[in-house]
Amino acid sequence: MADCRFNIDFRDIPSIPEMLKDYLDGNLSAYHGLQFSKDNALVQANKKSRNYPSGHREVLTEVLTKQMRNIAISAKQMQNIELLRKENTFTVTTGHQLNLFTGPVFFIYKILQTIKTAKYLNENNEGKNFVPVFWMATEDHDFDEINHFKTEGNFYQIQEKSGGAVGRIKSSDLSFLDIFEKEFKDFTYGTELVRWAKEAYQEGRSLTLATRILVNRIFGDSGLLILNGDDKKLKALAAPVFRKELLENSLYENSKETVDVLINKYGKVQVNPREINLFYLRDDSRDRIEKTGRSYHVVDTEISFSEEEILAELNTNPQRFSPNAVLRPAYQETVLPNIIYIGGNAEIMYWLELKKFFEAIDVEFPILVPRNSLAFITEKTLRKIQKLDLCVENFFGNYQEVVHSKLLGKTSLQPLLEEKEENIKSMFSELKKQAETTDKTFGNLVAAEEVRQLKSFEKMHKRLLRAEKIVQADLYQRYNQLYEVVNPAGVWQERKINFSNFYAENGRDWLNTCYENIEVAHPELTVVVL
């Protein structure tokens with residue numbers, strides 16, 4: 001496949017949040033030393049080794065071995081499970097929801113980055129091992145977020161009874177498989193895609209197992225370990241964290257200061273922690289736990305506990321306590337010997353609220369790495385971009401500003417307007433200076449008249465742009481159509497299209513191209529020309 005590519009640093013992309021850019025630049029003082037580098041990762045591994053109990057390793061490897069028995073695992077995966085038994089082995093982790101057939105293609109990219117980062121860190125002189133882990137978000141209960149995916153030709157969606165943990169849903173609606181087969185059967189690697197879909201999604205099979213089978217089919221040979229946190233033994237390891245949450249509102253109390261600082265600096269935070277960030281999990285429901293007075297109540301149910309009763313329940317049935325999105329990081333980092341978490345921008349930003357909370361529960365906070373982004377365009381699209389005197393970077397910045405500048409650059413009226421506007425500004429500047437020599441009422445009149453005339457010029461600029469969009473309608477349409485090709489429906493390609501469109505044409509060569517073009521050393525968007 002092609003090796004032509006364009007790299008755009010996240011710091012140069014306007015839509016990347018300022019909080020994330022400050023983190024990457026080391027401008028958040030609480031996170032000094034937690035920016036990604038091999039040296040920092042090795043330091044982090046030493047820290048983790050000091051407060052990760054050996055008993056946790058035993059439980060983790062036992063659970064992984066049991067969970068991975070449900071699929072045909074590779075020799076590399078077996079090797080990584082064995083490595084995890086050793087105190088010099090650590091994990092590099094990413095996580096995601098159980099999107100139908102992986103959902104948007106960035107699902108693939110974040111796992112590839114996790115695999116590549118672990119491989120990069122394994123090249124060290126300290127004898128440390130790093131294995132990649134995919135944490136399945138099996139306990140989420142928002143089925144509507146995961147029950148669909150989109151290709152260039154179709155929108156696929158399933159309907160199931162939902163309300164509890166999505167990973168426990170048993171498949172019954174398999175209607176998408178026939179339509180999927182019709183769309184892809186004639187592509188070079190389409191038969192392989194169809195086989196994967198039918199192998200994973202079967203009548204009565206849980207979405208957890210379906211996702212595990214599919215992810216393993218794609219990444220198993222790379223040694224990726226796939227973990228389901230909906231497990232009694234893993235929850236038991238995190239019971240002390242859950243206990244603090246119930247008794248002390250630990251996350252809420254220990255993140256308040258950080259949340260306030262971030263809100264003051266950036267206007268908002270990604271997630272506002274609740275006083276209790278736990279759900280009560282049953283077979284068909286997942287409901288928030290709230291404390292009222294001295295009682296704990298499960299919202300939207302008749303279930304309630306005294307303090308003594310809920311602690312007894314936690315001790316006996318820890319699997320019934322499910323962390324929400326903002327508490328899940330603490331559960332994950334308690335269970336895993338993890339040193340790096342790779343996540344999307346929104347994920348990284350809510351993790352950034354949690355460092356003091358981690359200190360309060362004595363769990364080592366990991367290095368956070370924003371997942372890299374990829375986009376693929378054809379050589380034909382690149383030629384169109386160049387023919388319109390655009391550059392690839394324009395499509396990931398303020399594209400409309402660029403287009404407007406191009407349109408106005410083709411009319412002689414724009415420079416004339418700018419010239420006359422500058423003349424007006426210069427005239428009023430001189431008038432305001434002279435107005436100081438007389439009564440202030442004259443100065444007020446001059447200032448008001450300046451505002452009025454400059455507003456007229458502002459209106460003329462807008463009207464001129466509108467007029468040029470009409471006069472140059474064909475060109476304007478070409479600009480907009482080209483933007484839609486690069487960013488389907490106006491959003492980054494990776495957030496819209498499923499991986500099947502790329503894989504159908506190029507198979508594992510495409511996966512290899514993705515892997516090769518992901519730069520683990522620093523976050524960036526890479527646009528690859530096929």
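Is Asp362 buried or exposed? In the predicted model examined here, Asp362 is exposed, because its relative accessible area of 58% lies over the 50% cut-off. This residue occupies the loop that runs between helix H15 (355–361) and strand E13 (367–370), and its phi is positive, at about 60 degrees, although Asp362 is not a glycine. Most residues other than glycine have a negative phi. A positive value in a residue other than glycine is also found at Phe101, where phi is near 50 degrees. Phe101 likewise belongs to a loop, the one between strand E2 (89–96) and helix H5 (106–122), but Phe101 is buried, with a relative accessible area of 0%.

As to the overall architecture, the protein contains 22 helices and 15 strands, and its C-alpha atoms fill a box of roughly 85 × 65 × 55 Å along the principal axes. Of the 530 residues, 54% are buried. Among contacts with a separation of 6 or more, 75% are accounted for by residues 24 or more positions apart. The protein exposes about 24600 Å², and carbon and sulfur atoms supply 47% of that area. The charged side chains comprise 69 positive and 76 negative ones, and the centres of these two sets lie 1 Å apart.

Helix H7 (residues 190–200) provides an example of packing in the interior, since its buried residues are Gly190, Glu192, Leu193, Val194, Trp196, Ala197 and Ala200. These buried residues pack against four helices, namely H6 (176–184), H8 (207–219), H21 (500–506) and H22 (508–517).

Salt bridges were searched for across the whole structure, and 27 were found. Side chains of opposite charge can pair when their charged atoms come close. One of these bridges joins Lys233 and Glu62, with an N to O distance of 2.2 Å. This pair links distant parts of the chain, as Lys233 belongs to helix H9 (residues 232–237) and Glu62 to helix H3 (residues 54–68), 171 residues apart. Lys233 is partly exposed at a relative accessible area of 43%, and Glu62 also counts as partly exposed, at 39% relative accessibility.

A salt bridge within a single helix is formed by Lys355 and Glu359, whose side chains meet at 3.0 Å, N to O. Both residues lie in helix H15, four residues apart, which corresponds to about one turn of the helix. The partners nevertheless fall into separate accessibility classes: Lys355 is buried, because its relative accessible area of 19% is under the 20% cut-off, whereas Glu359 is exposed, with a value of 51%. A further bridge connects the side chains of Arg11 and Asp9 at 3.1 Å, N to O, and Arg11 counts as partly exposed at 30% relative accessibility. Together with Asp25, the residues Asp9 and Arg11 are linked in a network of salt bridges.

Two surface patches were also identified, one positive and one nonpolar. The positive patch is formed by Lys380, Arg383, Lys384, Lys387 and Arg478, and its largest share, four residues, comes from helix H16 (residues 379–387). Lys384 is placed in this helix and counts as partly exposed, with a relative accessibility of 43%.

The nonpolar patch consists of Met427, Leu431, Phe442 and Leu445, which together have about 350 Å² of accessible area. Helices H18 and H19 each supply at least two of the residues in this patch. Leu445, which is found in helix H19, is exposed, with a relative accessible area of 53%.

The loop between helix H18 (413–435) and helix H19 (440–471) contains Thr438, which counts as partly exposed at 46% relative accessibility. The C-alpha atoms of Thr438 and Leu234 are separated by 81 Å, the two residues being 204 residues apart along the chain. A shorter-range pair may be described in similar terms for Val43, a residue of helix H2 (residues 38–51). Val43 and Gly33 are ten residues apart in sequence, and their C-alpha atoms are 9.1 Å apart in space. Val43 is partly exposed, with a relative accessible area of 43%.

Technical notes
Residues numbered from 1 in each chain as written. Predicted model: local features only at pLDDT ≥ 70, side-chain atom pairs only at ≥ 80, totals over all residues. Heavy atoms only, no water. Patch = residues over 30% accessible without salt bridge, like charges linked within 9 Å, V, L, I, M, F, W, Y side chains within 5 Å. Areas by Shrake-Rupley, 256 points an atom, 1.4 Å probe, with all protein chains shown as cover. Salt bridge = Lys/Arg side-chain N within 4 Å of Asp/Glu carboxyl O. Lys, Arg positive; Asp, Glu negative; His and termini not counted. Charge placed at Lys NZ, Arg CZ, Asp CG, Glu CD. Buried < 20%, exposed > 50% of the residue type's maximum accessible area, 1.4 Å probe, protein only. Contact = heavy atoms within 4.5 Å.
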